[in-house]
Amino acid sequence: MKIQFAEIPDHGLVLEIKDQSWFPEEEITKTGPVWARLRLQPKGRDRILLTGEITMPLQLECDRCLTNFNAEIDGRFTVDLELVAGEAQVPVDHACSAEEMDALYLLKPEIDVFDVLTQQVFLLAPSKKVCSEKCRGLCPRCGANLNSGLCRCKPEESTSPFSVLSGLKR
Ligand SMILES: [Zn+2]
Ligand SMILES: [Zn+2]
């Protein structure tokens, strides 16, 4: 879905995205429809300020017990879209690295809305995922899921939520 700068009125343009085709389902599992709203506000002739929000019901894997769980992730973001004069001025990796997402440089006066959304989904997806604060993780010795009961290993070894980590170091 592409929006031309010329299509955006001076007072801005609000888009509600119900289309799901853009969602990176190969990398991230969703459990229901993803909802997104974007506001495109011109800031001068060559600049558009994009503010948006995404609500997405995701299936995540717990870092501690490796079990899948569902979580609804809400996020807001702001991206400064700037039209640059010529290709020569844009370093190749500039437009797509994650650190630069707050500013995106465009070669054409055209915004690929689905591209912006896809990048935001990756930024908003949590890097630390725990099914519950009380999750007891896996036994570092036998790999049993301690949420469903204690295993036969010594209890002292398995009560800490960090037991998986110390198990890996060993
Ligand atoms: Zn867990
Ligand atoms: Zn065990």
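Begin by selecting Cys139 in this predicted model. With a relative accessibility of 3%, Cys139 counts as buried.

**First stop: the zinc ion (ligand 2)**

Extend the selection from Cys139 to the metal. The zinc ion (ligand 2) is coordinated by the SG atoms of Cys139, Cys142, Cys151 and Cys153, at 2.2 to 2.4 Å. The angles subtended by these four donor atoms run from 105 to 117°, which makes the arrangement tetrahedral. For reference, the ideal angle for four tetrahedral donors is 109.5 degrees. Along the sequence, the donor residues of the zinc ion (ligand 2) follow the spacing C-x2-C-x8-C-x1-C. Cys139 lies in the loop between H1 and helix H2 (163–169), and Cys153 lies in the loop between H1 and H2, so the pair ties together parts that are 14 residues apart in sequence. Select Cys153 and colour by accessibility: Cys153 counts as buried because its relative accessibility is 16%, under the 20% cut-off.

**Second stop: the zinc ion (ligand 1)**

Now centre the view on the other metal site. Here the SG atoms of Cys62, Cys65, Cys131 and Cys135 coordinate the zinc ion (ligand 1) at 2.3 Å. The four donor atoms subtend angles of 105 to 113°, and the arrangement is therefore tetrahedral. The donor spacing in sequence for the zinc ion (ligand 1) is C-x2-C-x65-C-x3-C. Two of the donors may be inspected for burial. Cys62, at 0% relative accessibility, counts as buried. Cys65, at 5%, counts as buried as well.

**Third stop: the loop at Leu66 and the start of strand E6**

Move along the chain from Cys65 to Leu66. Leu66 lies in the loop between strand E5 (47–61) and strand E6 (68–83). Display the backbone torsions at this position: Leu66 has a positive phi of about 65°, although it is not a glycine. As background, most residues other than glycine have a negative phi.

Select Asn68 next, which is placed in strand E6. Is Asn68 buried, partly exposed or exposed? At 45% relative accessibility, Asn68 counts as partly exposed. Leaving aside residues up to four places away in sequence, Asn68 touches Gln59, Leu60 and Glu61. To see how Gln59 meets Asn68, show side chains: a polar contact of 3.4 Å joins the two. A C-alpha distance to Leu58 may also be drawn; Asn68 and Leu58 are 9.9 Å apart in space and 10 residues apart in sequence.

**Fourth stop: Gly75 in strand E6**

Continue along E6 to Gly75, which is found in this strand. Gly75 counts as buried, with a relative accessibility of 9%. Beyond residues up to four places away in sequence, Gly75 touches Gly52, Glu53, Ile54 and Leu124. From C-alpha to C-alpha, Gly75 and Met56 are 8.8 Å apart, with their positions 19 residues apart in sequence.

**Fifth stop: the nonpolar core**

Select Leu50, Ile111, Val113 and Leu117. These are the residues with the most contacts inside the largest nonpolar core, which has 35 residues. The elements that give two or more residues to this core are strand E2 (13–17), strand E4 (35–42), E5, E6, strand E7 (103–106) and helix H1 (113–124). Which element supplies the largest share of this core? E5 does, with six residues.

Keep Leu117 selected and display its surroundings. Not counting residues up to four places away in sequence, Leu117 touches Ile17, Trp22, Ala36, Leu38, Ile54 and Phe77.

**Sixth stop: Glu110 in strand E8**

Select Glu110, which is found in strand E8 (residues 110–112). Which residue's side chain makes a polar contact of 2.9 Å with the side chain of Glu110? The partner is Gln4. Apart from residues up to four places away in sequence, Glu110 touches Lys2, Ile3, Gln4 and Phe5.

**Final view: the whole protein**

Clear the selection and show the protein as a cartoon. The protein has two helices and eight strands, and the order along the sequence is β-β-β-β-β-β-β-β-α-α. Buried residues account for 36% of its 170 residues. Among contacts between residues at least 6 apart in sequence, 56% join residues at least 24 apart. With the surface switched on, the accessible area of the protein comes to about 10,500 Å², and 50% of this belongs to carbon and sulfur atoms.

Key: Residues numbered from 1 in each chain as written. Chains lettered and ligands numbered in written order. Predicted model: local features only at pLDDT ≥ 70, side-chain atom pairs only at ≥ 80, totals over all residues. Heavy atoms only, no water. Helix = DSSP H or I, 4+ residues; strand = E, 2+ residues; numbered from the N terminus. Donors = N, O, S within 2.8 Å, 3.2 Å for Na, K, Ca; no water. Tetrahedral: all angles 85-135°; square planar, octahedral: opposite > 155°, others 65-115°. Buried < 20%, exposed > 50% of the residue type's maximum accessible area, 1.4 Å probe, protein only. Contact = heavy atoms within 4.5 Å. Polar contact = N/O pair within 3.5 Å; in protein donor to acceptor, adjacent residues only side chain to side chain. Core = buried A, V, L, I, M, F, W, Y, C linked by side-chain atoms within 4.5 Å. Areas by Shrake-Rupley, 256 points an atom, 1.4 Å probe, with all protein chains shown as cover.
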